[in-house]
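Hi everyone, thanks for coming. I'd like to walk you through a few spots in one structure, so have a look at the screen with me.

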Amino acid sequence: MENRWNRNQSLEEYNRIKYVAGILYPPVLYAFLLMAVQFAGTIYYGYAYASSIGEKITFDQSRDFIENVERLVLEHNHLLTMISAVMGLAVFLYIYEGDAKRSGRSGFIRQVKDIKTYRLGYLIILGCVGNIGLSRLLSLLPLDNIIGSYRDTQESLLAGRLMIQILSVSVLVPVTEELVYRGLVCERIRRLLGEKLAVFISAGVFAVFHFNLLQGIYALIAGVVLGYVYLKYDSVVYCMILHGIANLTAVLVNYFSISGYINNHIILYLVVMLAELAVSVAVAEKIYKSRD
C-alpha cells in the first residue's frame, strides 16, 4: 500500500514538473531562436564585410572590423528579427493549435473569423495612447543601463527602412510573441493555477525575457493588460492586435516633429503624459466593465 502511494506521489510530482517545463519551454525556445538567428546574421555580415575588403584583417584592424560588423547587424536587425519571428510563428502556431485541439478550444483561424469589430476601437486607443503614456513615464526613471540599455534598444528599433520596421515590429513580432506568452504560457498557467496568477506570472515571464530593466518594467505592465484582454475575450487575436498597435505607435511617433518638441519641454511633457495615462486608465476601465 505504501509503495503504491509512493508511486502515485512520484507520478504526480513528475507530471507537475513536466507541466511546468511545458510552460517555460516556449519562451526559452523563442529566446534561443532569436539568439541563433542573431549569431548567424553576425557570421554572415562578418563574412560579407571581410569579402568586401578583399584583404586579410590584421590584429590592428580587428577593432574597426568588429565595429563595422556590429553596424551592419544593427542596420539589418529588423530583417534578422523578421526571420526569427517567421520561424517562431510556424513552430508556435503548430504547438498552439495542438493545445487548442486537446482542450476543445477555438483554433487561431476560428478566432480570427470571430473578431468583433466593435471591440477594436478601445484596443486601438489603448494601444496608441497607453503605449506613449507609459513610455513617457518610464523614461523619467533613472534605470537605464542598469540591466541592458534602453537607448540601444531604441536605436535598434529605428534602424532600417520604415516598412521593414512596421512589418517586423508591428506585425510579425506581436503575432509570434502573443502566441508564446498569452496563447501558450498564460493559457497553460491558467489551467494549472487559475486566471489571476496566470495573468501576473505570464507577464513576469514576458518581462524577464526582454533582458532589459526598463523594457522589462514596460513589458510587465503591458503583459498584465494583454493577459487580461486574453482572458476577457478568450482570444489571442485581440492581444496580437493590441500589441501590434502599441508597437506601431512606438515606431511612428519618432517620425513626428511634435514628439521631439514635447520631449524638450518638461512641463508640457508631464501634462501630456498625465493626460495619456488618464485616457488609458479610462479605456481600460471601459474594457473591464463591458459585458462581453
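**A helix and some loops**

Let's start with helix H3, residues 77-103: it has 27 residues and reaches 37 Å from its first C-alpha to its last, close to the 39 Å expected at 1.5 Å a residue. Keep in mind that this is a predicted model. Now, what sort of phi does Gly104 take just after H3? A positive one, about 75°.

Here's a bit of background for that: most residues other than glycine have a negative phi. With that in your head, go to the loop between helix H8 (195-208) and helix H9 (213-233), where you'll find Phe211. Phe211 isn't a glycine, yet its phi is positive, about 55°. Is Phe211 buried or exposed? Its relative accessibility is 55%, and the cut-off for exposed is over 50%, so Phe211 counts as exposed.

Stay in that loop between H8 and H9, because Asn212 sits there too. At 7% relative accessibility, Asn212 counts as buried. And what does the side chain of Asn212 reach? That would be the backbone nitrogen of Leu214, at 3.2 Å.

Last stop: follow H9 out into the loop that leads to helix H10 (236-252), and there's Asp234. Asp234 is another residue other than glycine with a positive phi, this time near 50°. Its relative accessible area is 40%, so Asp234 is partly exposed.

To recap the loop residues: Phe211 is exposed, Asn212 is buried, and Asp234 is partly exposed. Thanks for listening!

Definitions and conventions:
Residues are numbered from 1 along each chain as its sequence is written. This is a predicted model: local features need pLDDT of at least 70, side-chain atom pairs count only at pLDDT 80 or more; totals for chains, interfaces and linings use all residues. Side-chain values use heavy atoms; hydrogens and water are left out. Helices (H or I, at least four residues) and strands (E, at least two) are DSSP runs, numbered from the N terminus. The expected span of a helix is 1.5 Å times one less than its number of residues. Buried means under 20% relative accessible area, exposed over 50%, partly exposed in between (1.4 Å probe, protein chains only). A polar contact is a pair of N or O atoms within 3.5 Å; within protein, one must be able to donate a hydrogen and the other to accept it, and residues adjacent in sequence count only if both atoms are side-chain atoms.
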